[in-house]
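Please examine the structure shown below together with its sequence. The paragraphs that follow lead through selected parts of it in turn.

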Amino acid sequence: MSDTIIENAKSHLRNIQVTVVSQGAEAIIFQTTQHPYLPSSISTSSESLKFIIKYRPPKTYRHRTLDQQLTKHRTISEARILQKLTNIAEVNAPSLIAIDSRNGILWMEHIGYELANKDISSLKNWLWQFNHDESKALTNEVQDTLRAVGRQIGELHKNDLVHGDLTSSNIILSENSKAFLIDFGLSSQSTLNEDKAVDLYVLERAILSTHPLYSYEYNKWLLEGYSSVFSGKQETKLKEILRRYEDVRLRGRKRSMLG
Amino acid sequence: MTQIKFPQFPQFINIHRFTNVLNSSEIKENLIKGNKDYDFAFINTKLIFSQSQLYSAIYRSLLELNNNNLRTKNIHSEILFCLSPINNIMEALKNFGIQNSTFDFIVIKISDNLEIDYNLNIINGEEIKFEQINNELIKFVDLKKLYKIYKLGTFKEVLNNEDILLINQKIINSIQLRGQ
């Protein structure tokens, strides 16, 4: 199954050497050292010489026309979110390089580095390095990092964008230990406190299941960072979001369908 | 001349840079007439901020060509259209193409052949090196107009490195997302 997807992707990416980074239900992520249109001698925005290709393969169980429309729409809306994020200086996100919306291809800047164990520097992998060693798992460095991540999410919400799939593997730490949010595939614009609260709840659950040993501290620090970016007038907004967050925690991510 | 090729596409991209051109109005007339000897993209250097801006637009136009999805009559006008952040073709040609008074421009020829099989005697001007270095092009830019066309926000006359990267990224976003 995934072999045919890769063959499919390669037919749209002729002469591009790609390696699979990860695969989700919706898309497959490749990495390459080839920029689509800049010669390799020229350094781009970051010094990294790697690029990410997100490919949404056709879904054969859907009607062809509908499938093409959905793929196109989703690719474009993800790119639009990245465009919006360029204008929000406070939020770190990969920059857009190119889109081929018809074929469901999105080219982005590569973020992150290899940890000592060769894994990519996602928050998840970074935190997992310290597993079972409390002296390392709860240091000031970890605390600062999680607060920085919290601030990123706070800034995102302040600008009325929700991520839609916040997990510790969708947060990447860069070499200069800045936190980047990635994967805006489920992201959207929203002014609703409900959506923001759900975002926080999804993250809380993700931390709970991915980092169960220290989830209490981790969530506390994330929320501290999150709250710290709301100041002055925005504090009322923060209170409303946090109140809603409590509600969501009691009932879960989905609203009751009864009545 | 600089010849480049994007790995995904079979076409060759030849880039020439001309300055001190005296016959822009003649070139423009022939372009309007659809004279076959003038089948090139003539791009006003004043709105080319960076190499990635230009290449990003060429990339998109080649993508449209290879997807059989050209919106304008040929690949060369498509490049001008792809440079533009708005969907109006006439406006794009006006802004990014040449005017009677344009004396400095970039000429692009998309070709299936490696060899040069055309001549540029039609241009009465001086061919100079097309700078491959990103920051080289900024010197020739009409920043005010660039800000206006790409809606880059509050005008800033002096740009530091960070500003340049940000402007560049905003332009690439606009080019890639136009009409999408």
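**Helix packing, sheet and interface**

Helix 5 and helix 7 of chain A are oblique to each other, because their crossing angle falls outside the ranges that count as roughly parallel, roughly antiparallel or roughly perpendicular. In this predicted model, the axes of helix 5 (residues 140-158) and helix 7 (residues 215-228) of chain A cross at roughly 45 degrees and come within 6 Å. The crossing of helix 5 of chain A past helix 7 of chain A is right-handed.

Which residues make this contact? Helix 5 of chain A contributes A:Q143, A:L146, A:R147, A:A148, A:V149, A:G150, A:R151, A:I153 and A:G154. From helix 7 of chain A come A:Y218, A:W221, A:L222, A:L223, A:E224, A:G225, A:Y226 and A:S228. By character, the residues of the contact between these two helices comprise nine nonpolar, five polar and three charged.

Chain A also holds an open sheet of five strands, arranged in the order 1-2-3-5-4 with antiparallel pairing. Strand 1 (19-23) and strand 4 (96-100) of chain A each have a single partner strand, so they stand at the edges and one side of each has no neighbour in the sheet. On average, neighbouring strands of this sheet are turned by 20 degrees against each other, direction ignored. Within the sheet, strand 2 (residues 28-32) of chain A is joined to strand 3 (residues 51-55) of chain A by five bridges in the antiparallel sense. One residue pair illustrates the register: A:T32 has A:F51, in strand 3 of chain A, as its bridge partner.

The next topic is the contact between the two chains. Chain A provides 23 residues to it, and chain B provides 21 residues. On the side of chain B that touches chain A, helix 2 (51-66) and helix 6 (161-177) of chain B each supply at least two residues. The residues of that side of chain B divide into ten nonpolar, ten polar and one charged.

Confidence in the prediction remains to be considered. The model has an ipTM of 0.95 and a pTM of 0.94. For chain B, the mean pLDDT is 94, and 98% of the residues reach 70 or more. Among the elements of chain B, helix 3 (residues 75-83) has the highest mean pLDDT, 98, whereas strand 1 (residues 2-4) has the lowest, 93. As a general caution, predicted coordinates should not be read in detail where pLDDT is low.

Methods: Residues are numbered from 1 along each chain as its sequence is written. Chains are lettered from A and ligands numbered from 1 in the order in which they are written. This is a predicted model: local features need pLDDT of at least 70, side-chain atom pairs count only at pLDDT 80 or more; totals for chains, interfaces and linings use all residues. Two strands pair if DSSP finds at least two bridges between them. Helices (H or I, at least four residues) and strands (E, at least two) are DSSP runs, numbered from the N terminus. Axes are lines fitted to C-alpha atoms, for helices over the stretch in contact, and angles run from 0 to 180 degrees between N-to-C directions. Angles under 35 degrees count as roughly parallel, over 145 as roughly antiparallel, 65 to 115 as roughly perpendicular and the rest as oblique. A crossing is left-handed if the near helix is turned anticlockwise from the far one by less than a right angle, and right-handed if clockwise. Two residues are in contact if their C-beta atoms, placed from the backbone, lie within 7 Å. Ala, Val, Leu, Ile, Met, Phe, Trp, Tyr, Cys and Pro count as nonpolar, Asp, Glu, Lys and Arg as charged, and the others, Gly among them, as polar. pLDDT is the predictor's confidence in each residue, from 0 to 100.
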